[in-house]
Amino acid sequence: MRRLITFVIILTLAFACSPREKKAPPPANTAATAADDETPQDGGTIVRRLEADVTSLNPVVASSLYDRRLAFLIFSPLVHIDTDLRPIPGLADSWEISPDGRLYTFKLNPKATFSDGTPVKASDVLFTIRKIVDPASESVQIAGNFEHFDSANSKAVDDHTLVVAFRHAQASQLLRFNDVMAVPERIYSKGNFKQDFTNTPIGSGPYKLVRRVPGQELVLERRADYWAKPPYLQTIVFKVINDNNTAWNALKRGDIDETALQSETWFREQDNPQLKRRLEFRRFYTLNYNYVGWNTRDPLFADKRIRQALTMCLDRPALINDIYRGTARAMNGPFTPGEWAYNPAVRTIEYDPEGAKRAFASAGWLDTNGDGVLDKNGKPFEFDLILTSGSSTGAQFAQLYQAGMRSVGVKANIVTMEGTAAIQRILAGNFQAAYLGWDLDPDPDPYTLYHSSQFPPRGQNFVFYKNPEADRLLETARLELDFDERVKQYHRFHEVVADDQPYTWAIQVSLKWGFTNRVKGVKESRGGYGLVMWYPGELDWWIPQNQRRHEQPTAAAAPAAAERKPVVVPNEKKPAR
């Protein structure tokens with residue numbers, strides 16, 4: 001399934017908040033008002049934060065967590081996942097799996113329609129899957145998870161019945177259909193699939209895009225003709241706020257209703273009694289981790305001894321205790337401690353500057369000219385570490401790690417970039433090292449991140465990691481239907497990749513979130529997905545009528561939502577890949 005790149009250091013951009021509407025006077029303290037605050041109510045506008053602008057609103061070619069957040073609202077997946085990350089109906093009302101696990105027969109909801117009013121057909125779903133596996137689409141997030149798709153034996157039986165065939169059974173295949181967000185073939189089959197639908201989504205989800213100002217905001221309106229259970233909120237405004245401090249100030253003013261919080265802000269403000277009257281704070285672990293990815297095609301990082309030595313330069317205890325105040329935990333491989341694939345026997349490479357010096361020396365790196373920087377064949381050990389801008393904790397990590405490397409003679413230059421540009425550069429392989437994060441899937445299969453067939457643009461193995469044993473384990477584990485045997489294979493893979501260190505796995509940071517307490521129905525996924533992108537999740541959020549303040553023009557002052565035409569501001573310049 002998808003692996004979503006997140007920015008450990010979020011982008012910095014000035015944000016001009018829209019003028020606040022005057023709040024209505026406090027309502028009378030009556031039983032009726034109390035009931036209003038407990039019973040979900042229809043309508044209202046929420047203003048949410050988006051840490052970085054979307055790169056594409058075409059769900060097949062989406063490349064970041066922020067693309068996915070919008071896709072969840074504009075498109076309906078073939079299969080939803082619930083609070084426990086189990087598959088439940090989405091576009092498909094029901095499904096059957098053949099005894100050999102290679103044929104999936106889906107029955108689509110006959111009421112399902114796209115936002116232009118046309119029905120969703122089985123042929124649209126099949127078209128979407130074929131676009132996912134088409135190399136020309138460069139569907140880097142999800143193509144690798146449909147690698148065994150058997151197009152010849154897949155078919156639309158009728159408008160509402162779809163058979164999807166695979167050459168091999170795969171243990172987690174049903175969950176992977178959560179990534180299949182159908183697009184209408186009659187529209188998306190024309191023109192340039194990768195570029196023409198970046199800003200003009202036509203989806204089957206509960207919301208439709210009515211306005212986008214690149215770099216500033218996206219506005220979604222609830223579909224009046226939505227075919228399934230409608231969400232409560234009428235309008236969702238996403239404000240692109242790259243800088244964490246800017247977002248926190250906007251939340252305190254009431255200009256936005258929710259945002260992830262930095263650890264520093266969390267500790268400073270979570271017990272502030274004045275703020276707690278208006279805001280609610282949450283903290284929880286999700287399926288994510290932070291890491292430094294080493295481009296193994298770069299001669300500096302081709303030797304695993306060097307990568308291990310670089311990991312020895314990271315002072316994780318200081319990182320966890322001094323920067324994150326104990327609200328993070330150490331990572332030592334591709335699985336988080338709460339996942340069943342995690343191997344508890346794998347050792348964490350500890351902070352050990354002297355050991356790092358010995359490892360560098362064994363690989364021929366010595367300070368031969370006394371300038372304090374290791375060198376070999378006349379070349380210094382110097383490289384650029386890409387960082388995305390805007391987060392104080394991310395900057396603190398970089399400084400801590402830079403100091404640790406400097407103490408052993410390694411010169412790391414911190415290069416701070418705007419986040420979308422950084423991801424494009426990294427996926428193109430044009431980097432040496434980068435500090436990033438992954439948001440993981442319900443199933444722990446890491447095939448698209450580490451298998452040697454998944455180099456970009458086909459997959460997300462942008463560190464170009466290659467190990468024959470790791471490849472074999474990834475291939476067999478994803479096909480293994482015996483759970484205990486699959487656990488053994490992932491445990492062994494954990495050992496292999498941890499020894500190779502294509503990443504320096506840093507930490508798993510607990511997520512801190514703040515939102516205005518006028519937003520009701522906010523729940524956390526029991527399976528580790530946090531607050532959003534599971535069903536119903538954010539689709540169950542609502543705002544009491546007496547606490548609404550971000551409303552759009554009323555029907556008397558503007559066209560009805562069903563009549564309002566989308567106004568999308570296209571990007572003026574498309575970044576080169």
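Strand E8 (residues 161-165) is largely enclosed by the rest of the structure, because five of its five residues are buried. This is a predicted model. Buried here means under 20% relative accessible area.

**Strand E8 and its partners**

The side chains of E8 split between two directions. Thr 161, Val 163 and Ala 165 point one way. Leu 162 and Val 164 point the other way. Residues on both sides are buried.

E8 pairs with strand E6 and with strand E7, as set out below.

| Strand paired with E8 | Sense | Bridges | Residues standing opposite |
|---|---|---|---|
| E6 (residues 103-108) | antiparallel | five bridges | Thr 105 and Val 163 |
| E7 (residues 155-158) | antiparallel | three bridges | Asp 158 and Thr 161 |

The link from E7 to E8 is a hairpin through two residues. Thr 161, opposite Asp 158 of the E7 pairing, points the same way from E8 as Val 163. Val 163 in turn stands opposite Thr 105.

**Helix H11**

Helix H11 spans residues 353-362. Its buried residues are Gly 355, Ala 356, Ala 359 and Phe 360. They lie on the same side of H11, because they cover an arc of only 135° around the axis.

What do the buried residues of H11 pack against? They pack against helix H9 (304-312).

The chain then leaves the helix. Gly 364, just after H11, takes a positive phi of about 90°.

**In brief**

E8 has five of five residues buried and pairs antiparallel with E6 and E7. H11 turns its buried residues to H9.

Terms used:
Residues numbered from 1 in each chain as written. Predicted model: local features only at pLDDT ≥ 70, side-chain atom pairs only at ≥ 80, totals over all residues. Heavy atoms only, no water. Buried < 20%, exposed > 50% of the residue type's maximum accessible area, 1.4 Å probe, protein only. Helix = DSSP H or I, 4+ residues; strand = E, 2+ residues; numbered from the N terminus. Arc of directions from axis to C-beta. Contact = heavy atoms within 4.5 Å. Pairing = 2+ DSSP bridges.
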